[in-house]
Every structure is written in C-alpha cells, then in structure tokens.
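Q: Please take a close look at one part of this model. I would like to know where one unusual backbone spot sits and how it fits with what else can be said about the chains.

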Amino acid sequence: MSYHRRRHNNRGYDDDFRREVYETPEQKLKSTIFKLGEVDPILEVPRITKQLLEEPALNAPVISEGFRIAVTEQPFKIPYYAALLRELYDPVEDVDESSTASPTLGRQILDDFWKGFQASLDKLAWRDMRLSIHLFAHLTMAQVITTQSMFELLRSFAAVLDEFGVSHGRAKKAALCASEGLMIAGPVIKENPSTNVIDIISAIQAYIESSADSKRLVQPTVALFSDSVTVEAADEILDSALATLQILNSSDFSQTAESYPQPYLVAPKPSSAPFELPSILVPPEVIELDSLHTDSGEDALVKKEEWAEFYIRIFDNDVTPDPTTPAGYAVRSGLLDLIDIYEVNRKECARLLLEFPKWTLPGTFKPKPGAPPQDGVSGKDWQLESTLIETILGSLFLLPESNYKSIYYVALVTELCKLSPSTIGPAVGKSIRKMYGLLSDGLDVEVALRFVDWFAVHMSNFNFQWVWKEWVPDLDLSIQHPKRTFMRRAIDLEIRLSYYDRILKTLPEPMQNPDMKLLPVEAPGPDYEYDDPSNPNHDAAQTVLNLLRGRAKAEDVMSHLQGLKNTLETADSDSNVDSIIRSIAVQSLLHIGSRSFSHFLNAIERYLPLLRNLAAGGISSGGSPSFEARKDILDAVIAFWKHSKHMVVIVYDKLMQYQIVDPTDVVAWTFLHGRQFVATEDSSSFDAFQWSLLKGALDKANGRVVIARRRVAALRKEEDDRAAREKASDQATMEVDAEAKPDEPVVESAALTTALKAFATLTREQRNALSRALNGFVDCLVSQSNPNVRAGEVIQEKAWHNRVNWNEKEWLAWETWGWYRHFCRTFSPYLRNYAKTLGAVSFARVGPAGDPAVELFRNIWNNATGQEA
Amino acid sequence: MAHVVTPLDQPSSYKDSQARVDRQKQNELLAKSSTLYVGNLSFYTTEEQIYELFSKCTTPEEGGGIKRIIMGLDRNTRTPCGFCFVEYYTHAEAMACLRYVSGSKLDERIIRCDIDLGYREGRQFGRGKSGGQVRDEHRADYDPGRGGWGAQAQRLEIERRREVEERYADAQEGPGAVAGGGGEWKEAEGAVETTLKRGRSPDEEGDRRGEARARLEETDHDAERM
C-alpha cells in the first residue's frame, strides 16, 4: 500500500489511480511499523514501543513479519528498527509482573525474525540476508545480540570465499554480507578478546587478490596497454569495502559512529540475557539440473556471469562521498540499496532518494537551500544531488550490463529532475560534461553508448535543451574521435525520438553545417534507387513496383521477376543479373512498406513466399548459393535505408523474425559490409552501428535457444506428470503382483521429438553465429593473412599518450578493440560453453604468438571464457 | 518487494470498455498479456518514434522484442488520433514499460501505458462520435499535438501533418488488415541444408498465417462468450 498518495494530473489523466483498499487490523499493525520515522524516528520509538506492547500476544508473528518487511524494504531505517527492538527486547517498564516468565515481545520477534533469515538463506536471497545482517549488527551494538555469535555469523559468510571454485557472484555477495556486518558491529566485535576481525578482513583481501584477472575486462575506462586492476575514474565495490574495513580497523572502528546512526546507544544494557544467533552454514548454490545438451555435447544451460562492479566517479571527494572511506561507503551502499529495491516504483524511489539525508547523521549532506544553516562535518558536507546522480550513473554504467534495464536508471533521473528541477538539473549538467570529458580519456565504448542513450532520452524529456554551443570547438577533432562520434550519435538518437526539423532547431549554426557531418542534410527517409529515370533498371523496377502496389499475388510477382531476369540476361551479360533482380524486388517491397513500421510488416507478410524464394537463391537458373542471395537482400535494405540506421536495425530484426535471413547471415554481413556509415574507408573496423546489428543477431540466436529450451522443459514436465498419473492409476487398479512389471521405456511424444530437433538446430545456429562473430573480430584485429598494423599500434602506451594526434583510422582501430572486448564479456556465458571449439577454429587464423596484438586478443578471450592465461 | 509501495506495474483503472468479459477473467488475461495500450500521443507521433522508445524495454536475448505496433486511427479520416497498441513477444516487456516508460515523455508529451487484453480487429479505430477518441470529443483546451482547435497549429506541426495525413489513407479493415509481426521460429520444411531450400507456395503461407490468427483468437474472449 502506498501511504504517500499523490495525484498527478496529466492533461486530464489521472495516471496514479489506485483502488481504495480496506486495511485489515494486521495490515494496520504492519504499517505502524513501516511508517516509523515519518516525522521523527527518535521521538516515535517510545510511542510505537508502547503501542506494540499493548498488542495481544498472538499478534507477535504479525509484528515480526512487519519487521522483516520493513528491514528488507526500508534499509535506511534499520538503525531505528534496532532501537525499537532494543526497547521491546527489554521493556523498561514491565507492563505486567506476571508475564516475566514468558519471553519478552522483543525476544519473540527476534526468534521469528531469525526464522525468516533462515528462509532467506535457504533461498539464497542475498539482499534480504545482507540487510538482515545490518539489523543484527546494530542489535549487537545495542548489546541485544552477543558479540561472539555475531562474529561467528559473519565468519560463516567469509568462509564462502574459501570454497573451491566459488563463482564471483556468490563470493561478492557473501563478502559484502560479512564486510557490511563488520563495518556496523566492528566496535564491539573488536573489543571482544575471543574474536579476530582480521580473519574476516584477510579472507576478503585474499579473495580479491585471487580474482584480479577478470577485473580488467569490466573497467569503465580502458587503457589497452595496461595490466592495472584499478582505474582512476571508478571504484570496484569489493575493493571499496576492503579499503573501508582497513581504515576502520586501523582506528579500532571508532569511525563506525561517524558513519551509521546509533540511536539505541542511549539505552542501558538490557537486563535480560542477550540473544545468541544460532550458527549457520551458507548453503551451496542450487545447480539446476537440465539434461539438455547441444548436439556436440556442450551444456546448454547458460548461466549469467557476474563480474567485478566498477562504479564510476564523476565528482571530487568534497562534493560526493568517497566510497573507499567508512562514511562514504555507508552513504553509497545505502543509496545503491534504495535504487535496487525501489525499481518497482521509480517515482517513489526518486522521492525517497531526495529524502535520504534525513536518515543519515547530521552534517552528512549540505542543508537544502533555504533551510537553516548547519555546520557541515569536515570531510562530509556533501552535495545530495550530485551524489544521487553519480550513484545512479554508476549503476547505469556497470559492465557488461546494469542490474536492471538502462531505461530504469534513465527514467529515475528524469523523475528526480521533475521533483526538484532547480537542484537536480545542475547536477545532471555537470555529470554530462564530466562524462563527455572522459570520452577523450578512454571511456569504454559500451559506457559511451549508454551515456549517449541516456543523454538523448533525457533531453527528450526536457525539451531538447542542451547548450550544444560549448562543444562547437570539438568539431575540429578527428571525425572518428569519440567526442565527434558522441555528438553524431546523440543527434541521431534525438531525431529518432523526435523529428529532424525539431532537432535541427536546437543546434547552433556551426553544427548545422553539412560539412561537419553531424546530421544528414535532410530528414532521414527512404531512398529508392530506381526512382531516378536515368537508372538503367528504372523501367523494370517500375513494373515490379506496380505489381506490388496493385497487391498482385506473390506467385505472379515471382513469374514476372523470372521474365525480367531473362530479359536482363539477354540485354546485358556482364552484370550480376541475380543480384539486380533481388535488389529490385527487395527495394520495391521496402518502398511499398516505407510509410510506417506497420506498412513494412504488411508488405513483408503479404510477400513472404517471394522473399523466401529470393533468400533461397530462387528466381535464378543456376541456383546461386543462398548466402549470396541473402547478402543481396541485406545489401538492398541498407541501400534503401542508407539515411536511417534505425530502419536498418528494425528491418533486419524482422527479416530474421520471419526467417528470411538467419542470424549468422546478419553476423557475417555485419563484418563484411556493415561499415556503410563509417566516415572513412577502412576494411577492418567495427563501430557502434555494426555492434547494434551484431548484438541484434546474436540476441536473436540466443533468444531462440531460450524459447526452445523452455518448450522442451514444459513438454518433458507434461510427460512426466502424465506418466506419474498413469502409474498411480495403474497401481490403484492392479492387484499387487509378485512379479512387478519393469518400468516400460517412456516413449517420446511427437511434440517432444519436434521440440528436441528444433533445439538441436537452434543451438547449432547459435554456435555458428558466435563462431562467425569471433572470426570476424579475428579478421578485424589480428588476422594472419591480412594483418591490421593499426590495431597493433593503438594498443601501445606511447601511441595512447599521443592520441591527440590520432586520425580517424586510429580511432576506429581503438573502437574496434573496444567492441571486441565488449563482445567477449557480454556473450561470455555462451562463449564459455563453446570456448574449445570456437577458440580452436578462430585462433588457427591469428597472427604469430608474441605479437602484442595477438597476445592482447588472446588474453581478452581467455579472461572472458574463464581460462587460465 | 511490494509491501511498502505500490509497484507501477499494477493494473490501473484502464479497461477496454467494449470487452465483454468479467473483471476477474480480464485480470487473469492481463496477468499474461504482452500488449500495451499507449495513450495521450500526439497525432503526429510516428510508429518509428514509438518503436525507438518502446524498444528500450525489450529483452531479445530472452526471445522478446517488439512484435508489432498498431496505430490508433480516426474512423473517418484514417489519420492517427492519439493512441496505439504496442505488442511485445513477452509479458515481462510490457510490464517493464509500465514501470519505466509510462508517465515519461514521447514527442514532448507525457504518455501513459496500460496493459491491454490484446488487439482485436477493429480496435485500431477511434470510438468517438467524430471518428477520433472519445476523450477528444469533450476536450475544451487547445492542444496543438492533438489537432489543436483548427488551423492555428504551429508551422512545424503543419509540415508534419501533411505527411501524417496521407500515411494511413490506405488503412484497411477486416481480417488480415493488420500484420502479425512474425511468430516464433519454425523448422524449415524439408530443408535442412540451406542451399536447397525450396520456396513455399502461397497456399502454404496462407496456412501459416491462419495459424497465427488462430493463436490470436485464443485471446479473443468475446468470441468465447458468444
């Protein structure tokens, strides 16, 4: 239930309408707990304590359920929930003398809460576990939980780091549980002579050292020549936690009090015996049993890989918190949790983010403009808005992908701007400028792409107002310099979301200059090659176009094309008549479908038989190989939509969807002919547009395998269920026989056979597509037969420092490396599966060992596929 | 996570006023639907603009994507009248739009998204007396993006209108007037090796489209009740 009901009126629409819900007494009781601190948590604790103590005893489970939800969904209030539990654990005034024999309400709640924690543990619900540990740690400080048992709990999590073959995802989450618990409860744990905090800290340190290899692949800024595991512009989350613990430990955790509110410290030591947390073992990860294998025996179940998390730093330490310090880590992790938890409601999330200072120690953030002045605490006194934007962008720019879809983070920033335009706006502007600056200093190509995507969507929500003027001097840079690429892409994306004339208006005059190639000379529209009467095939194309316009039957169009082909062949024996016929047919189809996406779909659906025939090399006497035919189709699309990258992506997607072309065709085509939009002629480069085609094709191949796997699993389950039912009914009707019949072999249904066959075909297609992509990158960067000298040059340290003098070819080579890296880490789970076969084929074609480019290429591959270098 | 705040992907009060199934059945269908109703569009917004924004919620790696977009048209003039349906391949993608896109701007207007029972023939047309949407019948304000009051629209808008007015002049009614968008992957018949794939005859194709329609009709609840 939302208890902050606000209504937005959007031009007569009420977009926040909720039905009134009747609250049961249980819900009321829980919301009393949820609402703690709406005005002043310190003042409310005694009142709510009293109210809860008055509840009948049988309501204790409801109350502990309320605590469980409150702690895992409102972690910013945990210190106050600890204070409340402290009061309930050992009520100062005994309400009823006779009740002293039974456990106090606080103890009952804690008993119950522990059961909930156990359940989270069994499910490996890591975030819930970690936040529950926060509560336990605060309660340890409040002397409600014994120090020893808290320490043992944390040690159980640290023990995960020593497991043989532990996945990085599991290790990372366990390490964060242990470290954050220690950050909060460190002061009393360290005091206890029978515990040793170093055990935990060194376990984390040892793990970080052992996992350094894969870090380089996910750093948001790239130095291709460097082996360093740290980068200047970002902090890795485990590194931050370790650094924080080391600082805390060196001063016996005295800084904990400056990092976390401890409202419970005013209460005396409880008179009743402290709570002992039972000992636990973090259960192993569930291995999903899936007996599906590809036809060459690889495991078909793809598990997403988890990587190191580098959060980009945009501002200086005096503006936003440094997450490698105790107070900075506390703020940063608190905000990250909020962003993660409130993904279900970005509007509430934005509101809570702006209210966050309320839950931090005084002096953490600068007071709001207009609020009474307040002494900032030295080393803190940060700017809230900059901190929020930095943290959200940090999450958005995580590699290889963000936790949620990018658009969530983009929409969240938009909501913040709507709530507080005058304060958030400037922070957004500064962040854009800082990120734009990083473009010259090795900002990862994928981060750059998300940055530009955020920029365009953000601007589309705020009237496309940006001070483009300040970037005019950058028009002098090489046309492939990341800053020029950024501007071009930003304008392209803005036009997609709006329209040409609108965006043109927002640009200063020098940027509108066609020589700058920032945007096309006119609105990106179709270009029907045969429109021009001087085109030798103009008349022929018109006849095809007229048939299509008249909605002629596909077979009639086909026979017309056949006739056309014969005529062309007799007239001109030199040119490739097959290609011309395909081009005329496809461009004419696109032409009748060019009015809108729906028109295009209608055109395709009406002429599917024609397209399939063309794709298979039909309407040609010799029956040319069909890749040639499909390449011609893809060529015709880009010729027709040469002014609109967007349409090319859309059309290719649907051509794959309708199975006119295969993903592998698109992958191959992308490497061979996808450079049409690159400003320079360069046969071995790979840019963001090519990446969008490649990703579209590989996603399609992978998505089909996902669907096929689901279908097989569903059919198998159906059959198992049916077999079980039959068995049960057999047993019910049969007399118990001395000679039990052996289980009859299960006969696969026709549906299952078909599904398994489809699965085999699709995994083969998936492997082909991935293999073609890897080969493509080999050809671009390290081909033996056609070496790319520039690819070797741009990875040298000296060359990088001289990048102000780079020309477009050098920038393109650098970008190509970036996309290869991103290909490896993005598709790592799939590549890992096929690592042996793919690697063997592709690496047979690379240049000599010892060549730095070849070494780098191989290192990236090994890192991504989890092989020893 | 849904206890202390209401998730944005809960169904709202939006419903198809002409759907003839009860609320409970509707809710069951909505819980599986992958179609969105998108409202408060400018009359000039194109399908490609819609595609660009709504593709940000797709999960192609899970077999998702934008299946089709059906532009809402004025019954009489065959021009866009400010709403559309966006159909995805998966339910989760439609849900993501409710969380991330609904309430944000497209073409400088705040759009709203609602989960929808699924497109049925005829629903692409406005239901207002004048042919457009009912809401525009009673609107008293001046709204340049939705036809304004008349000829006072800004010059830019006039330029765009000229294009838009002709775009859907060919819009058809009746079965098959709206494309399906492409179904799931199917094994090519009798062709394992790609080089010898035979072309399909138009009749076979007709069958396949028939199938797609049959699937669509599973979600056509009115038929079920009649």
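**A loop in chain B**

A: Start in chain B, in the loop between β2 (66-73) and β3 (80-88), where B:Arg78 is found. This is a predicted model, so every value here is computed from it. The backbone of B:Arg78 stands out: its phi is near 55°. That is a positive value, and the residue is not a glycine. Is B:Arg78 buried or exposed? The cut-off for buried is under 20% relative accessible area. B:Arg78 has a relative accessible area of 17%, so it counts as buried.

A second residue of chain B also has a positive phi. B:Glu108 has a phi of about 70°, and it is not a glycine either. Its place is again a loop, this one between β4 (105-106) and β5 (109-110) of chain B.

Now move to chain A, where another backbone feature appears. A cis peptide bond joins A:Leu399 and A:Pro400. Omega there is about 0°. A:Pro400 sits in the loop between α13 (384-396) and α14 (406-419) of chain A.

What surrounds that loop in the record? The UniProt entry, which is unreviewed, carries the annotation "domain: MIF4G-like type". In chain A it covers residues 321-509 and 528-831. Take the span 321-509. It is 59% helix and 0% strand. The C-alpha atoms at its two ends lie 40 Å apart.

Step back to the whole of chain A. Its secondary structure comes to 35 helices and 4 strands. The radius of gyration of chain A is 32 Å, close to the 29 Å that the globule rule gives for 869 residues, so the chain is as compact as a globular protein of that length. Along its principal axes, the C-alpha trace of chain A spans about 110 × 90 × 65 Å.

How much of chain A is buried? Of its 869 residues, 59% count as buried. Contacts across the sequence come next. Take the contacts in chain A with a separation of 6 or more: residues 24 or more positions apart account for 74% of them.

Finish with the surface and the charges. The accessible surface of chain A comes to about 36200 Å². Carbon and sulfur atoms hold 52% of that surface. Chain A has 93 positive and 119 negative side chains. The centres of these two sets lie 4 Å apart.

Key
Residues numbered from 1 in each chain as written. Chains lettered and ligands numbered in written order. Predicted model: local features only at pLDDT ≥ 70, side-chain atom pairs only at ≥ 80, totals over all residues. Heavy atoms only, no water. Buried < 20%, exposed > 50% of the residue type's maximum accessible area, 1.4 Å probe, protein only. UniProt positions renumbered as here; feature names shortened; annotations may be inferred. Rg over C-alpha atoms; globule rule 2.2 N^0.38 Å. Contact = heavy atoms within 4.5 Å. Areas by Shrake-Rupley, 256 points an atom, 1.4 Å probe, with all protein chains shown as cover. Lys, Arg positive; Asp, Glu negative; His and termini not counted. Charge placed at Lys NZ, Arg CZ, Asp CG, Glu CD.
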